[in-house]
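Here are my notes on this one, as promised. Have the viewer open while you go through them.

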Amino acid sequence: MGENEISDNGDHILSMKNGDHIDLDDDDDHYNNTNISHDNSNMCANIAFAQKLLGELLGTYFMIFAGCGSVAVNLNFDKIVTFPGICITWGLVVMVNVYALGHISGAHFNPAVTIAFASVNKFPIKQVPAYIISQVVGSTLACGTLRLMFSGKGEDHFLGTMPAGSYIQSFVAEYIVTFYLLFAISGICLDDRAIGQLGGIAVGFTVLLNVLVAGPISGASMNPARSLGPAIVWNQFKGFWIYVVAPILGAISGVWAYNLLRFNPKPVRVITKTKSFLKTSSQK
């Protein structure tokens, strides 16, 4: 075989490869574009997760600031808010936060909610620690703000939760009200048949009812972050374990209980035909 033949054959082979799109330059460009796309997607995911954490921090901050703030105002201004007013404040601030931040972070604002959702695979387990840290930081900052605002002589009241009676009584109260809260949240958030537009109102009213019932008994925390923030700021941890163990157990039980009710052997297309009395006639 001559030199020219080798050259011709080599050119022919290269042209075949180019015709089949096996070009080294094109491969490098495709590889680089893939890496850039992958890096961009990772960056977007990181930014989105950071936004969620910030949403949880701010939402928890405003919830604790308003809820515990109503307690502080009531204690320092001759019971002007009253106990029913405190209950309404907690319900309203939760409702507003759900509508304001639910589409960003999921509006947990509560480690018990985050852990309960993760237990039924409705929330990534690997994100649980970061969510809990954001919630605790938000609660602590809110309580620190309130202590600075009400730090005068005779005004520095502890705004945390403590058992009014026995530990067993408070434990049972916290377990039941948190169970009910997560049972209601599960019905609103985890079931496709629920009316999503009413979610914030339903959750807010559930909190209001729970505070009315359990407030005088245990403080109706339902939220480890709500109790941990004041405990850190005022350095008072009496009975604190109740407000960690009972809400978490109650939340997990509430989610799993609703999951048992939600299970249906019928096809999804049949289940979703279930009507609600809250729907208008035009929607039926």
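1. Start with residues 81–101. In this predicted model, that stretch is 90% helix and 0% strand, and its end C-alpha atoms sit 27 Å apart. Residues 128–150 read much like a helix too: 96% helix, 0% strand, with 33 Å between the end C-alpha atoms.

2. Where do those two spans come from? Both are listed under "transmembrane region" in the UniProt annotation, an unreviewed entry. The record also gives that label to 53–75, 170–190, 202–220 and 240–261. Annotations of this kind may be inferred rather than shown by experiment, so take the boundaries as the record's own.

3. Next, the outside. Phe83, Tyr180, Leu209, Leu212 and Val213 make up a nonpolar surface patch of about 450 Å². Which helix gives the largest share of the patch? That is helix α7, residues 199–218, with 3 residues.

4. Val213 is a patch member worth clicking on. It lies in helix α7. Is Val213 buried or exposed? Its relative accessible area is 57%, so it counts as exposed, the cut-off for that class being over 50%.

5. Now the rings. The count of aromatic pairs comes to 10. One of them is Tyr175 with Phe179, a tilted pair at 6.3 Å centre to centre and 35° between the planes. Why are these two rings placed to meet, as far as the helix goes? Tyr175 and Phe179 are 4 residues apart in helix α6 (residues 167–189), so about one helical turn separates them. As for cover, Tyr175 is partly exposed at 28% relative accessible area, and Phe179 is also partly exposed, at 26%.

6. Phe179 has another partner in Phe183. This pair is stacked, with 6.2 Å between centres and 10° between planes. Planes under 30 degrees apart count as stacked, which is why the 10° of this pair earns the word, while the 35° of Tyr175 and Phe179 makes that pair tilted. Phe179 and Phe183 both belong to helix α6, again 4 residues apart, about one turn. Phe183 is partly exposed, with a relative accessibility of 24%.

7. Last, put the rings together. Which residues do the ring pairs link into a cluster? They are Tyr175, Phe179, Phe183 and Tyr258. If you colour one thing before we talk, colour that cluster of four names, then helix α7 with its 3 residues of the nonpolar patch.

Notes. Residues numbered from 1 in each chain as written. Predicted model: local features only at pLDDT ≥ 70, side-chain atom pairs only at ≥ 80, totals over all residues. Heavy atoms only, no water. Patch = residues over 30% accessible without salt bridge, like charges linked within 9 Å, V, L, I, M, F, W, Y side chains within 5 Å. Areas by Shrake-Rupley, 256 points an atom, 1.4 Å probe, with all protein chains shown as cover. Salt bridge = Lys/Arg side-chain N within 4 Å of Asp/Glu carboxyl O. Buried < 20%, exposed > 50% of the residue type's maximum accessible area, 1.4 Å probe, protein only. Phe/Tyr/Trp six-rings, centres within 6.5 Å; stacked < 30°, edge-to-face > 60°.
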